Amino acid sequence: MIVSLIGMPGGGKSTVGRHLAKQLGLPFRDTDHEIESVIGGSIRDFFASHGEAAFRDLEQEAVDVLTQGKAIVLATGGGVVLREANRRALHERTTAIYLRSTPEELYRRVRHDTQRPLLQGGDALRKLRTLFRERDPLYRRTAHYVIETGRPSVPALVHMILMQLELAGLVDASRVPSPINPMRREREQA
């Protein structure tokens, strides 16, 4: 099973993904980290010198490779859904989960981040609102499940995802601690 996390920049995909992978006992991979290891530098620098199209080519290649491999939890870049090939690969080869945050929530999280190329130079909140309008429909079409992030903690988000995976029969309930009532699981197993 490959679980992919999609959503806007700053939506918590990498942080939630690491915790989810630990709970599921799966390796964690991040398309941005994979790309940085290939280019030998930062995405921000690559973006500045080679442009967005060249970056999206590398991203598409990473998604193609990572969605055909072993079971993993995969965090993707915020713009991964801009290409049809990526949307198709994520929807058909993975269980895609959209971590949905409002532009205002995202702005609160990323307003001091200087590593996100698309949010530099100008009114970041306005850019986030524009990106959200463009991308939200694409994330929704790609995803199997939408998790509204709001203000829950990372463990709470991980538990919401685990519940969706349990309900879908993708995760054995006995392998995953119940986020609601751990005593219930113990009684069920007794």
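These are my notebook entries on the sheet and some of the helices of one structure, which is a predicted model.

**Entry 1, the sheet.** I began with the strands and found that five of them form an open sheet, in the order E2-E3-E1-E4-E5, with parallel pairing. I then looked up which strands lie at the edges, and these are E2 (28-30) and E5 (145-148), each of which pairs on one side only. On average, neighbouring strands of this sheet are turned by 25° against each other when direction is ignored.

**Entry 2, E4 beside E5.** Next I followed strand E4, residues 95-100, which runs parallel to E5 and is joined to E5 by four bridges. As one point to find by eye, I noted that Tyr98 stands opposite Val146 in E5. I also asked myself which strands H7 touches where it packs on the sheet. The strands are E1 (2-6), E4 and E5, and the direction of H7 makes about 150° with that of E4.

**Entry 3, H6 against H7.** Two packed helices are described by the angle between their axes and the distance between the axes, and I looked up both values here. Helix H6 (residues 103-110) packs against helix H7 (residues 124-142) at an angle of about 135°, and their axes are 9 Å apart. Because of that angle, H6 counts as oblique to H7. The crossing in which H6 passes H7 is right-handed. On the H6 side, the contact is made by Pro103, Glu104, Leu106, Tyr107 and Val110, while H7 brings Ala124, Leu125, Leu128, Arg129 and Phe132. When I sorted this contact of H6 with H7 by class, I had eight nonpolar residues, two charged ones and no polar ones.

**Entry 4, H3 against H4.** I repeated the search for helix H3 (residues 43-50) and helix H4 (residues 52-66), whose axes come within 7 Å and cross at roughly 130°. H3 and H4 are therefore oblique to each other. Ile43, Phe46, Phe47 and His50 of H3 make the contact with Glu52, Ala54, Phe55 and Leu58 of H4. Sorted by class, the residues of this contact of H3 with H4 are six nonpolar, one polar and one charged.

**Entry 5, the two ends of H2.** Last, I looked at helix H2, residues 31-39, at whose start a side-chain oxygen of Asp30 reaches to within 2.8 Å of the backbone nitrogen of Asp32. What follows H2 at its other end? I found Gly40 there, with a positive phi near 70°.

Key
Residues numbered from 1 in each chain as written. Predicted model: local features only at pLDDT ≥ 70, side-chain atom pairs only at ≥ 80, totals over all residues. Heavy atoms only, no water. Polar contact = N/O pair within 3.5 Å; in protein donor to acceptor, adjacent residues only side chain to side chain. Axes fitted to C-alpha atoms, helices over the stretch in contact; angles between N-to-C directions. Parallel < 35°, antiparallel > 145°, perpendicular 65-115°, else oblique. Left-handed = near helix turned anticlockwise from the far one by under 90°. Contact = heavy atoms within 4.5 Å. Nonpolar A, V, L, I, M, F, W, Y, C, P; charged D, E, K, R; others polar. Pairing = 2+ DSSP bridges.
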